[in-house]
Amino acid sequence: MPGKNEKHGKEVILVVDDNRITCEVIQRNLEIEKFFVFTAHSVNDAIQILSKQTIDLVITDYKMPKHSGLELIKYVRDHFQDISIIMLTGYGSINSAVSAIKEGADEYITKPFTDEELLDAVKTTLQKQKEKKIDLLRLYNDSWTRFGIIGQSESMLEVYSKIEKACNNDAIVLITGENGTGKELVARAIHYNHKVRAIYPFIPVNCPGIPVNLFESELFGHVKGAFTGAVEHRKGFFQAAEKGSLFLDEISELPFELQAKLLRVLQEKEIFRVGETQLKKVDVRIVAATNKNLEDLVEKGLFRQDLFFRLNVINIDIPPLRGRENDIILLARHFALKYAKELGKDEPVFTDKAIAALKKYSWPGNVRELENLIHRSLIMNDKDIIDSVDFPDIMKFKVHYDHRLNLSLEDMSKKYVRDVVQQTGGNKAKALKILKIDRKTLLKKLS
Ligand SMILES: Nc1ncnc2c1ncn2[C@@H]1O[C@H](COP(=O)(O)OP(=O)(O)OP(=O)(O)O)[C@@H](O)[C@H]1O
Ligand SMILES: [Mg+2]
């Protein structure tokens with residue numbers, strides 16, 4: 001099998017077929033057309049190659065012993081969004097073609113096929129892939145220059161299109177997402193790209209930070225003498241945000257008795273300043289955010305259903321970082337560049353181990369955790385390299401599983417042991433400590 005450095009910038013194709021002759025014929029034909037070709041005779045072999053090589057296109061047979069081509073498609077779609085797939089199906093098996101496309105194949109060819117048919121399909125699929133990459137790049141550049149947001153996963157593209165919508169009207173927006181996913185970033189993007197409101201203030205309000213007894217005064221303002229300590233007139237957040245946007249962060253933490261007061265303002269769009277009987281109209285765009293599931297809180301009687309309905313007009317749900325492998329790397333590079341500049345360093349290079357560790361980790365603190373990790377790595381490290389040795393242990397020893405491979409318990413435990421040994425860089429003493437087994441068992445598992 002040829003090595004990585006022999007590819008010389010050619011497009012790389014992996015051909016998977018249990019029939020060696022079919023594999024060889026396809027390989028020869030594609031090599032004549034100046035493609036670089038790997039071959040595999042089983043899904044497991046294909047997965048091995050995919051984990052080591054950068055592949056542009058997978059051509060796979062449907063029927064193979066043990067694992068089918070369909071399982072390979074699933075694997076590729078779960079792990080590598082950018083790789084195109086062509087499925088080879090038997091004559092008349094339209095059902096398998098349909099399931100292949102459903103699972104994410106880009107194209108299928110029915111056997112028997114001519115050399116031209118195969119070549120046509122390969123060229124069209126690769127061309128489409130190129131166009132898709134250019135489109136994505138455009139969208140990605142847009143999201144950064146317009147919104148200051150990094151990410152090109154499909155779930156983020158949906159976020160961008162909702163931000164876009166929110167910028168063209170005044171509907172209330174409810175932003176949901178785990179800690180550190182970028183809720184405030186999205187709220188600001190909505191405000192600063194609004195066609196009218198952008199030049200007016202964006203006022204963030206941390207709901208749990210307001211003492212209950214001062215809530216009305218803080219939000220709606222008060223007049224001089226309204227209560228002890230009210231020595232002069234004071235504008236509330238609503239008036240401060242006039243013509244702009246009010247960002248009600250952590251809205252789930254708003255005490256129940258205050259929820260009714262907020263609801264009234266959202267409905268009537270007018271406020272009473274404390275100590276005043278005259279109503280004042282307010283023109284404010286409301287953006288609320290929460291990391292809790294408001295529907296659950298409504299069910300438990302902790303959040304008013306009518307307020308929830310009022311808030312949930314445009315819901316932007318920001319996906320967690322885990323699983324968005326490409327976004328993790330884009331964000332890591334973005335933060336590396338940002339903090340390198342700040343620290344007067346050169347842009348660091350990420351080692352393969354660092355990239356693998358970043359992709360595998362589950363990121364409970366999402367983008368904020370990633371940002372802090374990269375910042376810390378740059379401060380701690382004198383070199384222009386980011387390596388997994390700089391990462392906390394919890395990230396280094398996290399092992400990734402693929403449950404769909406149907407491994408037996410014995411095989412799974414062997415795989416786990418091998419993974420741990422690999423993650424510890426072959427340091428058996430460290431591996432023994434993590435695995436809590438003796439050396440003999442370790443060697444048996446590795447055999
Ligand atoms: N997609 C992204 N691109 C670039 N930076 C991001 C992205 N998402 C989050 N960040 C950065 O991560 C940090 C956390 O984001 P933000 O404060 O908006 O998250 P949050 O969801 O409001 O967090 P919390 O739930 O803790 O309030 C910020 O420094 C923000 O700029
Ligand atoms: Mg926040």
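Begin by selecting Glu-24, which is partly exposed, with a relative accessible area of 47%. Before going further, bear in mind that what you have open is a predicted model, and that the values in this tour are computed from it.

With Glu-24 still selected, extend the selection to residues 20–32, and you will have helix α1, the helix to which Glu-24 belongs. Next add Val-37, which lies 13 residues from Glu-24 along the chain, and draw a distance between the two C-alpha atoms, which should come to 9.9 Å.

Now clear the selection and show the whole chain as a cartoon, where you can follow 19 helices and 16 strands. The radius of gyration of this chain is 28 Å, whereas the globule rule gives 22 Å for 447 residues, and because the value is well over that figure, the chain is more spread out than a compact globule. If you turn the model along its principal axes, you can picture the box that the C-alpha atoms fill, which is roughly 90 × 55 × 50 Å.

Switch to a surface view, and consider that the accessible surface of the chain comes to about 24000 Å², with 52% of it belonging to carbon and sulfur atoms. Of the 447 residues, 44% count as buried. If you then colour the charged residues, you will be looking at 67 positive and 64 negative charges, whose mean positions lie 4 Å apart.

For the next stop, select Gln-239, which you will find in helix α9, made up of residues 237–240. Is Gln-239 buried or exposed? Its relative accessible area is 17%, and because buried means under 20%, Gln-239 counts as buried. Show its surroundings as sticks and, leaving aside residues up to four places away in sequence, you will see that Gln-239 touches Phe-220, Ile-271, Arg-273 and Lys-280. Returning to the chain as a whole, among contacts with a separation of 6 or more, 67% are between residues 24 or more positions apart.

Finish with two cysteines, selecting Cys-167 and then Cys-207. Cys-167 is buried, at a relative accessible area of 3%, and Cys-207 also counts as buried, at 4% relative accessibility. A disulfide is a covalent bond between the sulfur atoms of two cysteines. How many disulfides does a search of the whole structure find? The search finds 0, and you can therefore leave both cysteines drawn without a disulfide, given that a pair of sulfur atoms would have to lie within 2.5 Å to count as one.

Methods:
Residues are numbered from 1 along each chain as its sequence is written. Chains are lettered from A and ligands numbered from 1 in the order in which they are written. This is a predicted model: local features need pLDDT of at least 70, side-chain atom pairs count only at pLDDT 80 or more; totals for chains, interfaces and linings use all residues. Side-chain values use heavy atoms; hydrogens and water are left out. Helices (H or I, at least four residues) and strands (E, at least two) are DSSP runs, numbered from the N terminus. The radius of gyration is taken over C-alpha atoms; the globule rule is 2.2 Å times the number of residues to the power 0.38. Buried means under 20% relative accessible area, exposed over 50%, partly exposed in between (1.4 Å probe, protein chains only). Contact means heavy atoms within 4.5 Å. Accessible areas come from the Shrake-Rupley method with a 1.4 Å probe; for residues, only the protein chains shown count as cover. Lys and Arg count as positive and Asp and Glu as negative; His and the chain ends are not counted. The place of a charge is taken as NZ of Lys, CZ of Arg, CG of Asp or CD of Glu.
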